[in-house]
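Biologist: Got a minute to walk me through this one? I'd like to start with the packing and then get to the cysteines.

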Amino acid sequence: MSFHKLKPSTVVDLLKANKITKVKLFDSNPDALRALMGTGIQVMISIPNELLSTFSSDLFVQQNLSRFMGKGGADIRYVAVGNEPFLTSYGGAYQNYVFPAMVNLQQSLVKANLASYVKLVVPCNADAYESNVPSQGTFRPELTQIMTQLVSLLSSIGSPFVVNIYPFLSLYQNSDFPQDFAFFEGSSHPVLDGPNVYYNAFDGNFDTLVSALAKIGYGQMPIVIGEIGWPTDGAVGANLTAARVFNQGLINHLLSNKGTPLRPGSPPEDVYLFGLLDEGAKSTLPGNFERHWGIFSFDGQAKYRLNLGLGNRGLKNAENVQYLPSRWCVAHPAKDMTLVTDHLRLACSQADCTTLNDGGSCSQLGEKDNISYAFNSYYQLQMQNEKSCDFDGLGMVTFLDPSVGECRFLVGVTDKSSSAELMARWGIYHICIGLVVWALTRCYIL
């Protein structure tokens with residue numbers, strides 16, 4: 001959900017360069033699936049919640065699975081039926097549609113001879129279960145019946161239980177939450193649960209789910225982490241250092257194979273880091289940090305050093321990104337900014353200004369730099385259209401990068417092909433690309 005979308009082929013090359021072998025999509029975008037064809041990258045596609053009550057399962061399988069799969073096609077392994085459809089804040093709006101959609105989709109997969117290969121899952125938020133200590137975990141009372149039905153179906157078709165766990169949100173939403181408990185470096189506030197001791201929120205949350213599954217008769221159910229990560233901007237506690245420490249700590253914890261007190265030596269089957277790229281067009285209703293979860297910025301450049309445990313010691317940046325020209329829109333230094341308020345409101349209502357807010361990487365700018373940041377965000381969104389930097393004469397274009405410290409004034413990207421790429425397509429250049437075998441491991445990116 002970006003204002004500046006990279007070409008799907010560029011994103012796939014980024015995945016391959018970082019040896020990422022599994023990816024989760026929040027829809028079934030055909031351009032993304034076409035770019036993933038023949039790559040060997042395993043894919044999870046998703047059905048948005050709002051479509052659960054109306055979609056045709058046969059048509060969905062035909063349009064989003066059958067036509068992309070097969071020899072040389074996309075390696076689609078999972079279909080996510082909704083995304084956190086039981087979230088408390090939805091007030092049960094999607095609750096009654098999930099199980100029927102699952103049943104119909106499974107029947108359609110059987111008819112298409114895909115049921116043995118493509119598995120259905122339902123990514124759940126961790127608020128689907130509750131407890132003061134992990135061993136007492138139970139599903140929310142109003143979900144017990146539907147979860148029993150759902151987990152029974154998942155088990156019968158060989159699918160895992162998918163859960164999204166976010167220690168950052170626990171810290172963000174509760175000022176009393178011990179900060180060190182959100183990370184993986186030990187805690188001065190461990191949770192004691194009988195003979196078990198929990199030193200981080202992830203293990204405690206995971207085992208609460210294990211207990212909840214056990215109470216409905218599925219204590220050995222395989223579990224996949226569908227989302228977990230840490231944002232880098234837009235809130236206090238959301239920064240590059242915290243994100244690196246959390247994600248590296250998580251990866252090291254998983255690769256140690258220690259598991260959790262209730263599942264020793266048995267870490268989750270798969271873990272999908274959230275997320276690959278920043279999303280400047282995402283809703284900020286939960287918080288300004290929502291646009292800053294990426295381990296890469298919107299243009300595919302690594303934000304911090306991270307060893308994914310996939311063979312590379314650090315992240316590799318996206319290559320051949322097509323940027324707009326190196327120019328920025330800033331506040332005119334000679335103009336009075338008294339009447340700038342309406343222009344700021346326009347700019348920030350359409351472009352992304354979340355880094356200017358408290359805790360953001362640009363929150364320490366002076367007044368004029370704040371205005372420049374907003375003007376430039378809008379200007380880049382408008383693909384550097386000359387008129388978009390006018391603001392009634394208050395803006396001007398500069399060729400000097402106005403970035404300050406960690407506050408980056410972006411230059412937009414374009415998905416238009418370069419002349420070299422066009423010539424390559426016309427057959428003027430012939431490039432032979434070698435085949436690479438990518439090693440499989442436990443940590444993947446969505």
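Modeller: Sure. A nonpolar core here means a set of buried Ala, Val, Leu, Ile, Met, Phe, Trp, Tyr and Cys residues joined through side-chain atoms within 4.5 Å. Keep in mind that this is a predicted model.

Biologist: OK, so which residues touch the most other members of the largest nonpolar core?

Modeller: Leu 65 and Phe 161, out of 103 residues in that core. A second, separate core has 23 residues, including Leu 356 and Cys 389.

Biologist: What does Leu 65 touch?

Modeller: Leaving out residues up to four places away in sequence, Leu 65 touches Ile 45, Phe 60, Ile 76, Val 79, Leu 109, Leu 114 and Val 118.

Biologist: Switching to helices. Is α7 mostly enclosed or open, and how many of its residues are buried?

Modeller: 13 of its 15 residues are buried, so α7 is largely enclosed by the rest of the structure. The helix covers residues 201-215, and its end C-alpha atoms are 21 Å apart, which agrees with the 21 Å expected at 1.5 Å a residue.

Biologist: What's going on around the ends of α7?

Modeller: At the start, a side-chain oxygen of Asn 200 comes to within 3.2 Å of the backbone nitrogen of Phe 202. Just after the helix, Gly 217 has a positive phi of about 95 degrees.

Biologist: Now the cysteines. How many disulfides are there?

Modeller: Three. Counting the bonded cysteines in sequence order, they pair 1-5, 2-3, 4-6.

Biologist: Which parts does the Cys 329 and Cys 389 disulfide tie together?

Modeller: The sulfur atoms of Cys 329 and Cys 389 are 2.0 Å apart. Cys 329 sits in strand β15 and Cys 389 in the loop between α10 and β16, so the pair ties together parts 60 residues apart in sequence. Both Cys 329 and Cys 389 are buried, and their link is right-handed, with 90 degrees about the S-S bond.

Biologist: And Cys 348 with Cys 353: left-handed or right-handed?

Modeller: Left-handed, at -85 degrees about the S-S bond. Cys 348 counts as partly exposed because its relative accessibility is 31%, while Cys 353 counts as buried at 8%.

Biologist: What about Cys 362 and Cys 407?

Modeller: They form a disulfide with sulfur atoms 2.0 Å apart. The torsion about that S-S bond is about 100 degrees, so this disulfide is right-handed. Cys 362 lies in the loop between α9 and α10 and Cys 407 in the loop between β16 and α11, so the pair ties together parts 45 residues apart in sequence.

Biologist: Last one: is Cys 124 buried or exposed?

Modeller: Buried, with a relative accessible area of 2%.

Key
Residues are numbered from 1 along each chain as its sequence is written. This is a predicted model: local features need pLDDT of at least 70, side-chain atom pairs count only at pLDDT 80 or more; totals for chains, interfaces and linings use all residues. Side-chain values use heavy atoms; hydrogens and water are left out. Buried means under 20% relative accessible area, exposed over 50%, partly exposed in between (1.4 Å probe, protein chains only). Contact means heavy atoms within 4.5 Å. Helices (H or I, at least four residues) and strands (E, at least two) are DSSP runs, numbered from the N terminus. The expected span of a helix is 1.5 Å times one less than its number of residues. A polar contact is a pair of N or O atoms within 3.5 Å; within protein, one must be able to donate a hydrogen and the other to accept it, and residues adjacent in sequence count only if both atoms are side-chain atoms. A disulfide is a pair of cysteine sulfur atoms within 2.5 Å.
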